[in-house]
Amino acid sequence: MDRNSLLRSLPKVDDILNNEHIKAIEGNINRALIIESIRKNLNVLREDILKTPDDMIQGYIIDFDKLIDGIIIQAAESARPHLKSVVNCTGVIIHTNLGRSVLCREAIEAVKNVAANYSNLEYDLENGKRGSRYSHIEYILKEITGAESAIVVNNNAAAVLLALSTLCKGKEAVVSRGELVEIGGAFRVPEVMEQSGAKLVEVGTTNRTHPYDYENAIGENTGALLKVHTSNYRILGFTESVGQRELVDIGRKYNVPVIEDIGSGNFIDFSKYNVAYEPSVQDAISSGIDILTFSGDKMLGGPQAGIIAGKAKYIDMMKKNPLTRAVRVDKMTIAALEATLKKYIDEKDAVSSIPTLRMITETEEHIKKRAMILLEKVKSCAKDKAEVCLIKEFSQIGGGAMPLENLPTYAVCVKPEYISANRLEENLRHNIVPVIARVKDDGVLLDVRTVNEDQYDIIGDAVRNGLSGGIS
Ligand SMILES: *Cc1c(COP(=O)(O)O)cnc(C)c1O
């Protein structure tokens, strides 16, 4: 056939829609997506015919079955959500790129329930009047932290912004030079401060800040003393910083509120579980810090949120700040957060049922037991296409929390025989349920700490397909 006859012989969209295989998927995939896929695939074929050199055009054959397969694959792909679940084999527990914390079962149920129904989000059921969305969280935060009052906003960055904007707009906020942190994803203390309208007054040096440094900086226009937890780094060696209690004493003496951004707010003393001690929310509140801010989705293990807890007189001022409306939390966040916080009433319950806490506190022996099961699974899926073994590794808490803490773990190491480790890592990432792993030397590491038993089959299938080079 010559080129023009070939182009004319291409099937019409309507003909393809009548194909039995295409009709079969119409029940599952939106018709508009199928038509779009037909058009795209026909265009690709048309371009291919136009590109084919003159001397080859005579032998050109249109493979109709292949065309139909291509249309179905592409339509199915575009029907799948762009935001999807993945299996985290990185061993980084609070992985910001992978959505930080996985919610506990009760939080998931709570989200489903308020998403599917009307709720008393801002309705006072007692009096039949308008209520406050913050009331659903405030009571439980007060109970757990011992704070007088609390409010929840979109994230911790918004919490710091709101606190500074409320207490320090047009005034000075005094911060130690050792605490001018940058957290991944462009949260920089000096920049947040500028946005809030507060003027940054730096005191001390990178490694040493003394009480008198703060005292010397306090003047008529001081709005607050700000302490920032150095979440993602440590200054070691010849160092000195002013502790919570000392800073609170200075604040009291000069009648200036003390704000602390504690970063990853944890309610539990992790040193009980052989993990390094991190200052807890309760410690900060009991030391007298006036305003404390922290994230909901780091070591707390809840949804993305920024929690502000502290003195009622300052929180009340924040509730009236118009900025609060711009950074307010959604009902699904409130539902998930309330359910997560309720778990903390019983620490044992929290540690065993909040996934982030369970992963942080899981013992090496327990991980080894689970790793042996994944090892067998992966071995049977890899067959002779890879060497599979168990190795000792280290997991990380992530999310900028406890940067120096390495948690001993076990990882299944897959060394492919016929493809590179990088290729396997890429194929795992392209699995229908993407499996995110890391390459070390010539092996792909699957850290068991951040993986659930019910994901072992997915990992096995992904390894089998990945080693065959097939994308499924
Ligand atoms: C993580 C972190 C933030 C940012 O919190 P988000 O909830 O991601 O907005 C701010 N300050 C500190 C000290 C942090 O560790």
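Are F267 and Y344 buried or exposed? F267 is buried, and Y344 is buried as well. The model is predicted.

## Domain layout

The domain assignment splits the protein chain into three parts. Domain 1 covers 3–79. Domain 2 is built from 87–96 + 362–467. Domain 3 spans 105–353. Between the C-alpha centres of domain 1 and domain 2 the distance is 39 Å.

## Aromatic pairs

A search of the whole structure gives two aromatic pairs. In one of them, F267 and F294 meet edge-to-face, at 5.9 Å centre to centre and 90 degrees between the planes. F267 sits in the loop between β11 (258–263) and α13 (281–286), and F294 in strand β12 (residues 291–295), so this contact ties together parts 27 residues apart in sequence. F267 counts as buried because its relative accessible area, 7%, is under 20%. F294 has a relative accessible area of 0% and is buried.

F267 also pairs with Y344, again edge-to-face, with 4.9 Å centre to centre and 85 degrees between the planes. Y344 lies in the loop between α16 and α17 (347–353), while F267 is in the loop between β11 and α13, so the pair bridges parts 77 residues apart in sequence. Ring pairs thus link F267, F294 and Y344 into a cluster.

## Charge over a ring

R208 lies over the face of F238. The distance to the ring centre is 3.7 Å.

## Salt bridges

The whole structure holds 31 salt bridges. One of them joins the side chains of K343 and E106, at 3.0 Å from N to O. Its partners come from distant parts of the chain: K343 from helix α16 (residues 331–343) and E106 from helix α7 (residues 105–116), 237 residues apart. K343 is buried at 8% relative accessibility. E106, at 30%, is partly exposed.

A salt bridge also connects E393 and R438, at 3.0 Å from N to O. E393 belongs to strand β14 (residues 386–398) and R438 to strand β17 (residues 438–440), so the contact ties together parts 45 residues apart in sequence. E393 is buried, with a relative accessible area of 10%. R438 is partly exposed at 31% relative accessibility. Elsewhere, shared partners join R105, E106, K343 and D349 into one salt-bridge network.

What is the N to O distance between the side chains of R370 and E362? The distance is 2.8 Å, and the two side chains form a salt bridge. R370 is buried at 7% relative accessibility. E362 is buried at 15%.

Notes:
Residues are numbered from 1 along each chain as its sequence is written. This is a predicted model: local features need pLDDT of at least 70, side-chain atom pairs count only at pLDDT 80 or more; totals for chains, interfaces and linings use all residues. Side-chain values use heavy atoms; hydrogens and water are left out. A salt bridge is a side-chain nitrogen of Lys or Arg within 4 Å of a carboxyl oxygen of Asp or Glu. Helices (H or I, at least four residues) and strands (E, at least two) are DSSP runs, numbered from the N terminus. Buried means under 20% relative accessible area, exposed over 50%, partly exposed in between (1.4 Å probe, protein chains only). Domain bounds come from an automatic or database domain assignment. Rings of Phe, Tyr and Trp (its six-membered ring) pair if their centres lie within 6.5 Å; planes under 30 degrees apart count as stacked, over 60 as edge-to-face and the rest as tilted. A charge sits over a ring if NZ of Lys or CZ of Arg is within 6 Å of the ring centre and within 35 degrees of the ring normal.
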